[in-house]
Amino acid sequence: MGFRPAPGARGRSRERHADPARRRELGQRGRRGRAAVPRLGRRRPRAVRVRRAAARRGPSRRHVTGRSPTCANPGRLAVMERTLERIPPKSADLSEWYQAACYQAELVSQAPVRGCLVLRPYGYGLWERLQAELDRRFKETGHENAYFPLLIPESLLTREAEHVEGFAPEVAWVTEGGSEKLTERLAIRPTSEVIIGVMYAEWIQSYRDLPVLINQWANVMRWEKRTRPFLRTAEFLWQEGHTAHATEQEAAEEVARMLEVYREVAEDVCAVPVYKGEKSSSERFAGANHTYSIEALMPDGRALQSATSHELGQNFARAYDITFAAEDQTQQHAWTTSWGMSWRMLGALIMTHGDDRGLRIPPRMAPVEVVIVPIPRGDTTALDAAAKSLHEQCKAAGLRVRLDDRPGQSPGYKFNEWDMRGVPIRLELGNRDLEAGVVTLVRRDKAVKEDGQKQQVPLNEIVAFIPTMLEQIQHNLFAQAKTFLQDHTIATLDRDEFIRLLKERAGMIDVPWCGDPACEVAVKDATGATTRNLRQPARAERCVPCGEPARYQAYFAQSY
RNA sequence: CGGGAUGUAGCUCAGCUUGGUAGAGCGCUGCGUUUGGGACGCAGAAGUCGCAGGUUCGAAUCCUGUCAUCCCGACCA
């Protein structure tokens with residue numbers, strides 16, 4: 001990715017100008033080699049729109065426009081046409097819509113490092129909300145936070161054979177320190193089972209030391225070939241829980257407990273409905289005995305794994321000597337687990353709820369729950385005071401509120417901007433409202449001019465009214481997403497229909513399945529889809545893809 | 001890793017075929033008028049044309065190499 005100065009960062013261009021060395025460095029990387037950042041909702045002049053629309057239609061565009069097509073980047077044209085023509089983006093091209101939404105809402109910026117993401121303040125605000133909700137639940141279930149090193153010596157990493165093999169293609173290595181070549185390479189952690197396992201071996205001596213219940217908030221790195229904001233990035237933020245237990249039963253309970261925490265955060269906080277289940281053997285975490293996941297369904301019919309929880313059995317305990325003296329005087333290996341949710345969950349939230357105007361953030365996740373936009377006209381003395389007072393009252397009530405009193409932008413501009421950024425409630429306050437003693441409340445979850453989008457609320461009731469409205473919005477967004485998931489979950493016992501639905505990317509296709517990896521590969525070759533997760537028992541005797549005896553009920557879908 | 005495409009102002013792009021003083025719209029800065037769903041006027045700032053070689057009196061433009069990014073595939077606990 002090329003260097004991309006943050007647009008709108010004041011003084012940035014002067015800074016570049018003043019520093020020739022910096023400029024040279026940037027120049028070598030290429031200043032413009034990066035994705036187009038399409039705009040949402042901003043219309044260009046008609047002539048431009050028409051030309052671009054024509055240009056996209058196909059090979060005949062030369063005749064239509066009289067211009068050579070060779071200079072145009074078709075990808076960029078596609079992006080622009082979509083946003084300009086206001087084709088429903090989520091049905092036309094979710095991927096382009098998604099990238100536009102992320103950049104335009106100022107959640108993220110591309111970094112001058114391949115595959116890495118800059119999380120801007122508004123995006124970090126989302127992440128902080130997710131962190132807060134998860135962290136509270138981790139504490140409630142008895143976990144403590146700790147931090148382990150970023151770097152893992154190669155000799156330690158290679159001890160658990162299956163684990164190494166699984167991650168080998170994605171590991172980034174540190175080979176030099178200062179000017180000296182290292183005698184042993186250091187892996188930048190792709191996950192921390194190894195380094196944590198090594199420490200647990202030191203800490204755990206007796207059954208009295210168990211269970212160990214630790215969570216780590218961290219960044220990890222996986223050398224991905226293709227990246228997209230939040231969904232797949234080389235470096236990403238997540239949390240990883242790592243626990244050690246005396247018995248397999250306890251470890252299994254822990255894994256189930258944390259999977260339920262993830263379901264709750266996804267559904268009740270992010271308003272993203274998910275399916276819980278176990279991963280098939282081919283989708284399992286490298287080195288785990290069982291991997292469980294929550295799976296969400298995106299509007300394009302592809303599934304998104306939103307969190308995982310792993311039963312590691314005694315595999316890591318054996319590889320890293322995590323042993324303890326049991327009550328019966330025997331020396332035993334501990335049973336370990338790990339579980340994680342990353343900022344990918346934010347990607348799920350964005351795609352699930354967004355609409356043609358940009359993001360729609362569920363209130364419980366919104367960095368800004370309420371934005372106040374004053375409508376100045378004539379003498380604004382009284383209005384300014386009223387707006388400030390309203391702002392203070394909201395803050396005092398514990399709301400995450402922002403007063404947008406920027407003088408340079410028109411109210412209409414602000415409406416669109418905050419719509420794009422997904423703020424759940426907008427309060428408009430103008431002289432008309434003041435005279436009537438009301439404030440105009442606008443819900444982001446409703447379409448423009450939809451029934452109930454705007455309503456007048458008496459000024460002296462508004463602060464008490466907002467929490468109720470936020471809850472309504474939260475539930476409405478979840479209900480919409482839930483309906484979509486249900487409408488696109490299709491159970492079938494017919495093999496031809498099964499294949500057809502997967503090819504059409506119709507959603508979560510729910511069928512009895514044998515569990516054989518070869519069967520899964522055959523389905524993937526035919527359709528591009530794999531199992532997302534499984535549960536028991538099967539609802540019929542025969543596996544729908546291959547006809548062998550069925551052991552599971554499986555959701556099949558193409559995935560991100 | 002394979003196939004395709006693109007690098008010119010903060011953004012989107014024109015200019016390149018046919019070499020000759022670097023362009024537009026949006027954004028940005030200042031002033032004024034405005035403001036209930038993306039306001040308007042005037043003035044202004046801003047780019048060693050991705051990078052390195054080469055050809056030439058002269059290169060954004062022609063040639064070679066290189067780097068980066070995007071799209072499609074492969075890969076992806």
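Glu240 lies in strand S8, which covers residues 235-245, where helices (H or I, at least four residues) and strands (E, at least two) are DSSP runs numbered from the N terminus. The model is a predicted one, in which local features need pLDDT of at least 70, side-chain atom pairs count only at pLDDT 80 or more, and totals for chains, interfaces and linings use all residues. Residues are numbered from 1 along each chain as its sequence is written, chains are lettered from A and ligands numbered from 1 in the order in which they are written, and side-chain values use heavy atoms, with hydrogens and water left out.

Glu240 is buried, a term for under 20% relative accessible area, as against exposed for over 50% and partly exposed in between (1.4 Å probe, protein chains only). Glu240 nevertheless has no salt bridge, that is, no side-chain nitrogen of Lys or Arg within 4 Å of a carboxyl oxygen of Asp or Glu. The nearest side chain of opposite charge is that of Arg189, 5.1 Å away; in this count Lys and Arg are positive and Asp and Glu negative, while His and the chain ends are left out. Contacts, defined by heavy atoms within 4.5 Å, link Glu240 to residues including Thr191, Ile214, Val220 and Trp339, when residues up to four places away in sequence are not counted.

A second buried residue is Pro273, with 5% relative accessibility, which is found in the loop between helix H12 (248-269) and strand S9 (275-278). The C-alpha atoms of Pro273 and Ala481 are separated by 6.6 Å, although these residues are 208 residues apart along the chain. Ala481 is also among the contacts of Pro273, together with Glu295, Phe478 and Leu485, among others.

Helix H7 (residues 94-104) is mostly covered, as nine of its 11 residues are buried; among them are Leu94, Trp97, Tyr98 and Ala101. Just after H7, Glu106 takes a positive phi of about 60 degrees.

By contrast, Leu150 is partly exposed, with a relative accessible area of 34%, and is placed in the loop between strand S3 (144-145) and strand S4 (151-153).

For chain A as a whole, 20 helices and 23 strands are assigned, and 52% of the 560 residues count as buried. Among the contacts in chain A with a separation of 6 or more, 68% are between residues 24 or more positions apart.
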